[in-house]
Amino acid sequence: MNREAARARLIPYRNTASALTGTFTESPYYRALNDSWRFHWSKNPDVRPQDFHRPDYDDSGWDRIAVPSNWEIEGYPEPIYLNIKYAWEGYETPAPPDVPKDFNPVGSYRRTFTVPQAWDGRRTLISFQGVKSAFFVWVNGERVGYSEDSFTPSEFDITGHLQAGTNSLAVEVYRWSDGSWLEDQDMIDLSGIFRDVYLYSIPPVHVQDLEVRTDLDGELRDAVLTVRTTVRDRGAGGKARTGEHRLTATLHDSDGKPVLPEPLTAAVSFDGSEDVSVEPKATVRAPDLWSAEAPHLYTLVVTLTDPSGRTVDVQRTTLGFRTVSCGPGSFTVNGRPIVLRGVNRHESDPDHGQAVTEERMRQDIRIMKRHNINAVRTSHYPNHPYWLELCDTYGLYVIGEANLETHGVRDSLPAGLPEWTDACLDRMRSMVERDKNHPSIVVWSMGNEAGQGSNFQAMADWTHHRDPSRPVHYEGMNDVADMHSEMYSTPDQVEKYGTSGNPKPYILCEYSHSMGNSTGNFQDYWDIIERYPNLHGGFIWDFVDQTIRLPVPGDPRHTYLSYGGDWKPGYPTDGIFSCDGIVSSDRVLHPAIHEVKKVYQAVRMTAADPGVSAVKVTNRQLFLNLDAYELRWEVTRDGERIQHGTLPAPKVAPGADGTVKLPLKRPARPEPGAAYWLNLSFVLRESTRWADAGHSVAAEQLALPWHTPAPADPAPSTLPPLKLAETDKAVTVSGRDVELVLDKASGALTSYRHKGRVLLSGGPVPNFWRGATDNDIGRGAEKSLRTWREAGAGRKVTGVKAAQPSPSEVTVEIAATLPTSPATSRWDTVLTVRGDGELRVKHTLSPGAGLPDLPMVGALLTVPAGFRTFDWYGRGPQENYWDRHTGAFVGRYRTSVDEQLGPYARPQQTGNAIDVRTASLTDRDGAGLRVSAEPGEDAQLLEISALRYAPTDLEEVRHPHELKPRKETQLGVNHRQMGVGGNDSWGAPPLEKYLLHADRTYSYAYRLSPA
């Protein structure tokens, strides 16, 4: 009611100079109303203060609340998280368009403001950039208007309601309205005035709307710049205004210099009309084109003068010259086939909810750019306009998505219901009109998970007509969209589309569900996407976890990240399902983001020949060569750097290949048994907005063919002698510096000493379980595979046989039965103790018939307290898994055991490293326990973890602060665990090739020794 028509975001400037150098917040015609407001929370509309809008209303007893903010973040009841169901379903279950009556909170806001005297004779408007979900506005006790659509601006002309001096402003916000039926997004449900509120002033005759078109010629060299401008007369009172106004537009480059030889001009004659539209045009010769790789921006300043030549309005907008084409066999930006290496991003902050600060937005875009993300989908609503400015400036391709989701009732609403058509169109219109000048937006999306029906046809028709320069997307009804979009298709399903020959461009608007420890088989997706020209990438679900930071119960000095189930016990919730990010809500990077960075990188390196004397470099960038980078290289021997250097990047055009020769020096005598690696990295030569000089944008690791066989182990006869002692309960092996005691009942060591120091106080105990990941739980694996959970701890030793084949060698064979169901399994261990103190271990698992897949095949060793420094030579530095290790290079890494717990909102499997050759746990003096894979080029490598928690410990709590670390370290020495998966988190297992089936025998070996 009385809301201004949607338009581009325009705030008048004082003059051209200020428009070029300043921001609209510095304009004399802008006044921010962000501040502390008086606030009253009511449980429902019946108990709200109904006359609070009166100027003389006494609000002195009210609370104060920050604007912008969500009132639930400020301590009012209460956040709700449900994925598909509507947020109110724990209170009432109304039918559309009704909303709950008993619990539907109302926020009553009050403040005062003054209008500058310089605004006399002008019109004053108030702008609400985001209010959830519906609100009324009063000024000086008079109702101004009403609006819905939480994520697009609502503006009202309040000129006729103002008075001299102090004015009162009252806003009544409803948590849920009929519009909430169109806002069933998968996010924490919050409410309030959560984006900026401000006043701005316009002259009676002003630029009402501004649209910029940049039409490139067929050679993509020159462009026709069209400035579509609507000039409105709000002051003629229906009378014909005499004389001509004149519109002048000047185009400026990034240095503020004029681009055109002459300004664009157009005469504006009203002839009694309220609105007049003009379209001055000019040809711009060879402009720098905008792309995510090279986001060149220009500034357009539009000046309106009256018949006397006096300037009455000055506006500005930034623009980029670029063209998007999408049709059969084509989805291009500036003529090049685009590949979207994207993420979905909810607006979420643990301390501010949906009132995301500009600082946080800058942090987000820098994280994205540093990790080779080139696209973002504004899931599932128009984002804060500052975010789009950042995407324009930093360079991200954007799918702008309308605020429309009806997941819980999508089979029936909005469908083709005519009573919902206007609301659907209004949401699309509000987004398109506000955001039409952003070059970063390359696709319009009509919403998400809202079913099908003629309302979407109407939205698509309107959008195509209004803006034919961009394609339309909607996964829910691909028939009316310009591209084929899917969610959570498996790699095989994606490849099926690739091989189909279907020319309609294909994207995954959501894929690789990154809930908790996830994002497996990411490389598998991209091996396929890059193979077929009709596949154009996808958007990870999603960028950031959604949680709320709260004080730890009983310890308010510390905080934790809360999620569904923490806010109102017993209320329906989908719990942890809001935590699907590759970064935590406080923007701590998850290990998976390093995999994303590696797979998304646009520069590839492979060996040019078997000897790796040269490297083939493939530049998958669309518009840039490699001049912005330099190439750093190093050679490592068993993880230690022995050669390194820096070279200029090779001259490789976009989309082309090149070769670079490296000055590698092969050792005359390679160290026997050592592995040599070539590490390559393209790094920034100079600092950018998003990263410092030296930041790596692309990296690769190549094995060098310099391996020579390892020397033979010392013969037992050369080692110190051992003594074997055996009783009914134990086997003891002792020597010059070593003593081992094995308990026959458990088949595990109770002590492994070296020079009197206890290196091991328990194990190896067979272990087939991992702390269930969110993906495991989502597919019920913690139940269906549960027979393996206690199989190791519940083992029954059936035989222990000790022998001493030589004076310096003792073997102990342990046989055990595992209580798996429906059939028991067998676990055999052979321990070989050598006189130098080394313990060789071999495990064999023989699963029984008909058993489910194994989460893991491995063993747990208990290392005493004090050995907290963890070193390994394997993949790292971040945790990595069978199906997520492309971004983890083989090297030597050091950390503490306490740092091995991953940054997940709910504790789960964490801290794994694969392809491990050696690992050690040591004390402050560097003494401790060492684990080694069997030597040899073809030997099996290990998976290792070192935590102060057993796998089952991780499953017994909901939050990391609730974990109780053990004094000892649980050292996992494993053959392998199944992949973490991530095709989805509600049923999909890891890919077949990353599963451990129980229809085969598993055997592996390793060595323990003093470090």
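**Loops, helices and strands**

N372 sits in the loop that runs between α2 and β27. Helices (H or I, at least four residues) and strands (E, at least two) are taken here as DSSP runs and numbered from the N terminus. The model is a predicted one: local features need pLDDT of at least 70, side-chain atom pairs count only at pLDDT 80 or more, and totals for chains, interfaces and linings use all residues. Residue numbers start from 1 along each chain as its sequence is written, and side-chain values rest on heavy atoms, with hydrogens and water left out.

Back to N372, then. Its phi is positive, about 65°, although N372 is not a glycine. N372 is also buried, with a relative accessible area of 15%; buried means under 20% relative accessible area, exposed means over 50%, and partly exposed is what falls in between (1.4 Å probe, protein chains only). Y488 tells a similar kind of story. This residue lies in the loop between β31 (484-487) and α6, and its phi is near 55°, a positive value in a residue other than glycine. Y488 counts as buried too, at 12% relative accessibility.

The helix that N372 follows is α2. Helix α2 covers residues 358-370, and its 13 residues should span 18 Å at 1.5 Å a residue; the end C-alpha atoms are 18 Å apart, which agrees. (The expected span is 1.5 Å times one less than the number of residues in the helix.) Which residues of α2 are buried? They are R360, M361, D364, I365, I367, M368 and K369. As a general point, an α-helix has 3.6 residues a turn, so residues three or four places apart point the same way. The buried residues of α2 pack against β26 (340-344), β27 (375-377), α3 (385-395) and α8, where contact means heavy atoms within 4.5 Å.

Moving along the chain, H380 is found in the loop between β27 and α3. A cis peptide bond joins S379 to H380, with omega at about -15°. Helix α3 itself is mostly covered, with nine of its eleven residues buried. Those buried residues are P385, Y386, W387, L388, L390, C391, D392, Y394 and G395. The cover over them includes α2 and β27, along with β22 (311-319), β28 (397-401), α4 (421-435) and β29 (441-445).

Next come the helix pairs. Two packed helices are described by the angle between their axes and the distance between the axes. Axes are lines fitted to C-alpha atoms, for helices over the stretch in contact, and angles run from 0 to 180 degrees between N-to-C directions. Helix α6 (residues 491-500) and α7 have axes that come within 9 Å and cross at roughly 5°. That makes α6 roughly parallel to α7, a label given to angles under 35 degrees (over 145 is roughly antiparallel, 65 to 115 roughly perpendicular, and the rest oblique). On the α6 side, P491, V494 and E495 meet Y525, I528 and I529 of α7. The residues of this α6 and α7 contact divide into five nonpolar, no polar and one charged. In this scheme, Ala, Val, Leu, Ile, Met, Phe, Trp, Tyr, Cys and Pro are nonpolar, Asp, Glu, Lys and Arg are charged, and the others, Gly among them, are polar.

Helix α7 (residues 522-529) also packs with α8 (residues 592-600), at an angle of about 20° and with the axes 10 Å apart. That makes α7 roughly parallel to α8. The crossing of α7 past α8 is right-handed, meaning that the near helix is turned clockwise from the far one by less than a right angle, while an anticlockwise turn would be left-handed. F522, Q523 and W526 of α7 make the contact with E595, V596, V599 and Y600 of α8. Here the split is five nonpolar, one polar and one charged. Helix α8 is largely enclosed by the rest of the structure, because eight of its nine residues are buried. The buried ones are A592, I593, E595, V596, K597, K598, V599 and Y600.

Finally, strand β53 (residues 856-863) holds L860. Is L860 buried or exposed? At 16% relative accessibility, L860 counts as buried. Leaving aside residues up to four places away in sequence, L860 touches G763, P764, V765, N767, P951, Q970, L971 and G972. L860 and N767 are 93 residues apart in sequence but 6.2 Å apart in space, C-alpha to C-alpha. P764, one of the residues touched by L860, has its place in strand β48 (residues 762-767). The peptide bond from G763 to P764 is cis, with omega near -5°.

Methods: The expected span of a helix is 1.5 Å times one less than its number of residues.
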